[in-house]
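Student: I should like to learn how internal cavities and a single side chain are read from a model. Could we begin with the side chain and then turn to the cavities?

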Amino acid sequence: KQRWRESLGASLLPLKQRYIVTLPTTKTSLLKHKQTCTQANFPEAAGYVGFANLPNQVHRKSVKKGFEFTLMVVGESGLGKSTLINSLFLTDLYPERYIPGAAEKIERTVQIEASTVEIEERGVKLRLTVVDTPGYGDAINSQDCFKTIIQYIDNQFERYLHDESGLNRRHIVDNRVHCCFYFISPFGHGLKPLDVEFMKAIHSKVNIVPVIAKADTLTLKERDHLKRRILDEIAEHGIRIYQLPDADSDEDEEFKEQTRVLKASIPFAVIGSNQLIEVKGKKIRGRLYPWGVVEVENPEHNDFLKLRTMLVTHMQDLQEVTQDLHYENFRSERLKRAGRSVCSVIYIYTHTHTEADAEAITVMFRIIPLQSCGRGCG
C-alpha cells in the first residue's frame, strides 16, 4: 500500500520531477537504484546518508581548522640546512639571514630561531613552524651546546601541558616539536662524538630523522658505505630514531613498495638548491658543475624526493608519535615530580607542626592520588 501511494504521488508530479523506477537485477544496478532513489527523495543530499559519512565530517572539520606542524633542523653551520628547508617548501624562510664570520663563531652560543609560514594547497592550510639552531657545534668546546635545544623542547611540552590543564582548551596552539632533521656531515667517516651525545639526549623527546647533507660530494659507493656506517653506529649506541610505520595488509602494492623504499633510504642523503638551471629546454633546480648538473628532484642523484615524500605522507604519524609517546612520557614524569613535591610538603609539615595541623594537611592532600614515597606520608 505504501509503494502504491508513493507511485501515485509520483504520477501526480509534473513531468520534469517524475523519475522511472526499474527493478534492479544485479548488485551494481542495485547500488545505482539506491543512489537514484536517495537523490530523488532527498534532493538536498549529495549521496549516501549514514555512519559511512563520519570520515567525511572529520575531513571537513580538519580542513576548516587547518593543520599545525613544527620541524626542527639541527646541524653544524655550512651543511645547507636553510637551503634544504627552502627547497622542501618552495619558500624563503630566511630572507634577511645574517651569516657570522669565523671570529664571531668562536664565542657564539646556540640560539633558537623559529619561523612560521602559512602554506595552502588545494584548500588545505598548514601552519608550518621551522625551528633553526644557529651556533650548534661552532664553538671550540661544544659540550653544553645542545642544552639550549633540550630546554626549548621541554618548554614547548610544558607550555602545552599548561594550556591543556587550563579552563579554556578550545584554541590550544601546538608548538611541540614533531620532527627533528639532524644533519650529518658527509666529510667524516660516520658519526662524531657530538652527534652521538646529542641524539642520545633528545631521542626520548622528539622524532629524529638523520640526514646526510651535501650528498653531491660523495660517489654512489661512498654514499652507500656512509649510510651503512651511520646505521651501525646508531644501533651500537642505542639511539632511537624515527621508525616508519609498516604498511597495512589492505594497502595497495604501490604504497607498500613506497614504504619499503623509504625505509631502505634512511639516513636520507640529500642536496638542496634554490637555483634554476635550464637543461634540455626545461628549468630545474640543481647545482651546475663543470662535469654536469646535479638535479635536486632526481631520485637517481639524491634522496630529496624520498625525504619530502616521507615528511608529507607520514606527517600525521609524526604528530601521533609525539602526542602518544614523547609528550605522554614528559607528562607522566612531570606529574611524578609534582607528586614528590607534595610528599615533601607533607613530610615537612607533619614534622614541624602539631598533630592536628599535620592530620589536616594530610587529609587535604589525599585528594591527589600519590604513591608512597617511603617516608610515611601516605
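Tutor: This is a predicted model. Beyond its neighbours within four places in sequence, Thr-322 is in contact with Phe-157, Arg-176, Val-177, His-178, Asn-207 and Tyr-327. Thr-322 itself belongs to helix H11, which spans residues 315–352.

Student: Does Thr-322 count as buried or exposed?

Tutor: The cut-off for buried is under 20% relative accessible area. Thr-322 has 0% relative accessibility and therefore counts as buried.

Student: Which backbone oxygens lie within reach of the Thr-322 side chain?

Tutor: The backbone oxygen of Leu-318 is reached at 2.8 Å. The backbone oxygen of His-178 lies 3.5 Å from a polar atom of the Thr-322 side chain.

Student: How is empty space inside a protein found?

Tutor: A probe the size of a water molecule is rolled over the atoms, and this shows where empty space is left. In this structure there are four cavities of 30 Å³ or more. The largest has a volume of about 80 Å³.

Student: What lines the largest cavity?

Tutor: Its lining includes Leu-79, Phe-183, Lys-214, Asp-216 and Arg-287. By class, six lining residues are nonpolar, two polar and three charged.

Student: Which element gives the most to the lining of the second largest cavity?

Tutor: Strand E4, residues 179–184, does so with three residues. The second largest cavity holds about 50 Å³ of space, and among its lining residues are Glu-76, Tyr-136, Lys-192 and Asp-195. The classes here are five nonpolar, two polar and three charged. Leu-79 and Phe-183 line this cavity and also the largest one.

Key
Residues are numbered from 1 along each chain as its sequence is written. This is a predicted model: local features need pLDDT of at least 70, side-chain atom pairs count only at pLDDT 80 or more; totals for chains, interfaces and linings use all residues. Side-chain values use heavy atoms; hydrogens and water are left out. On a 1 Å grid over the protein atoms alone, a cavity is a set of points where a 1.4 Å probe fits but cannot get out, and a pocket is an open set with protein on both sides within 12 Å along at least five of seven lines; lining residues have an atom within 4 Å of a point. Grid points are joined across faces, edges and corners, and a volume is the space filled by probe spheres set on the points. Ala, Val, Leu, Ile, Met, Phe, Trp, Tyr, Cys and Pro count as nonpolar, Asp, Glu, Lys and Arg as charged, and the others, Gly among them, as polar. Helices (H or I, at least four residues) and strands (E, at least two) are DSSP runs, numbered from the N terminus. Buried means under 20% relative accessible area, exposed over 50%, partly exposed in between (1.4 Å probe, protein chains only). A polar contact is a pair of N or O atoms within 3.5 Å; within protein, one must be able to donate a hydrogen and the other to accept it, and residues adjacent in sequence count only if both atoms are side-chain atoms. Contact means heavy atoms within 4.5 Å.
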